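Biologist: I'm new to this one. Could you put it on screen and walk me through it?

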Amino acid sequence: MQAALRLRIGRALRVPEAAPRPRCVGPGSAPAPRCWSCGAALSGADAGPHFCPRCRALQPPAPRPDLFRLMECDRSFRVDAQRLQRRFRSLQRALHPDRFGRRAPKEQHYSEQHSSLINKAYQTLLHPLSRGLYLLELSGVEPAQETDCDTDSEFLMEIMEINEKLAEPKDDEILQEIEALIKARQEELTKEVTAAFERDDLQEAKKLLAKMKYFANLEDKLKNKKIPS
């Protein structure tokens, strides 16, 4: 009888089994994006603009696409300019707004967004300065500022001398000399930035890109100086 009583008490005091915990849905198990037009599931690839595999409707561009992936380039300071140009032309042929004049208004809008993004990607990756700054951004490094090379007095003196020459009355011969000097210094800095990125020295790349900014500004001043008054 005591055994039966203990059994009844044990059953009364037994802690009920906990309900199974709901499974957490992590980033890797997020639902796949769907076509805005027909609702079909889309691939998670963000390499570039794509169409719905079912209804062929143009999909919107990703909010923050990787411009290197978009243009099918390695994430590197070295870029094959001809390959970049071929990719640019291919995307523009496929996505130019003129091709979507008779499509749904939403697709026309997406086409304009894609075209603008493609132009931005091409210009960013084509030019060494903007390409380097974008690489720093992808690496989480603060943007290079001209003040990053304030401690290089010899460099700042060179910039000041060029500025003084540009401030003088227009002289075509002097402007040609300045143009050649700027081009040579930009090529030299581009080589140094390439080496810095390849050894993963991002802080050195940042300082060199700051110097490139100075020469980009001088180049703009030179172009304005050469405009006929």
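Modeller: Sure, and one definition before we start: helices here are DSSP runs of H or I with at least four residues, numbered from the N terminus. Keep in mind that this is a predicted model.

Biologist: How many helices and how many strands does the protein chain have?

Modeller: Reading along the sequence, you meet the pattern α-α-α-α-α-α-α-α. The count for the protein chain is therefore zero strands and eight helices.

Biologist: What share of the protein chain's 229 residues is buried?

Modeller: A residue counts as buried when its relative accessible area is under 20%. Of the 229 residues, the share that passes is 31%.

Biologist: Let's look at α7. How far apart are its end C-alpha atoms, and what span should its residues give?

Modeller: Helix α7 covers residues 172-198, which makes 27 residues. At 1.5 Å a residue the helix should span 39 Å, and that agrees with the distance between its end C-alpha atoms, which is 39 Å.

Biologist: Which helices help cover the buried residues of α7?

Modeller: The buried residues of α7 include L175, I178, I182, R185, Q186 and L189. Further along, V193 and F197 are among them too. What covers the buried residues of α7 includes α5 (128-138), α6 (153-167) and α8 (202-226).

Biologist: At the start of α7, which backbone nitrogen does a side-chain oxygen of D171 reach?

Modeller: That oxygen of D171 comes to within 3.0 Å of its partner, at the start of α7. The nitrogen belongs to the backbone of E173.

Biologist: And just after α7, what phi does D200 take?

Modeller: D200 sits just after the helix, and its phi is positive. The value is about 60°.

Biologist: Where is R56, and is R56 buried, partly exposed or exposed?

Modeller: R56 is in the loop between α1 (2-13) and α2 (67-70). Its phi is near 65°, a positive value in a residue other than glycine. Buried means under 20% and exposed over 50%. R56 has 46% relative accessibility, so R56 counts as partly exposed.

Biologist: What about E72: which loop holds it, and what is its relative accessibility?

Modeller: E72 has a positive phi of about 55° although it is not a glycine. Its loop runs between α2 and α3 (81-95). E72 counts as partly exposed because its relative accessibility is 44%.

How values were computed:
Residues numbered from 1 in each chain as written. Predicted model: local features only at pLDDT ≥ 70, side-chain atom pairs only at ≥ 80, totals over all residues. Heavy atoms only, no water. Helix = DSSP H or I, 4+ residues; strand = E, 2+ residues; numbered from the N terminus. Expected span 1.5 Å × (residues − 1). Buried < 20%, exposed > 50% of the residue type's maximum accessible area, 1.4 Å probe, protein only. Contact = heavy atoms within 4.5 Å. Polar contact = N/O pair within 3.5 Å; in protein donor to acceptor, adjacent residues only side chain to side chain.
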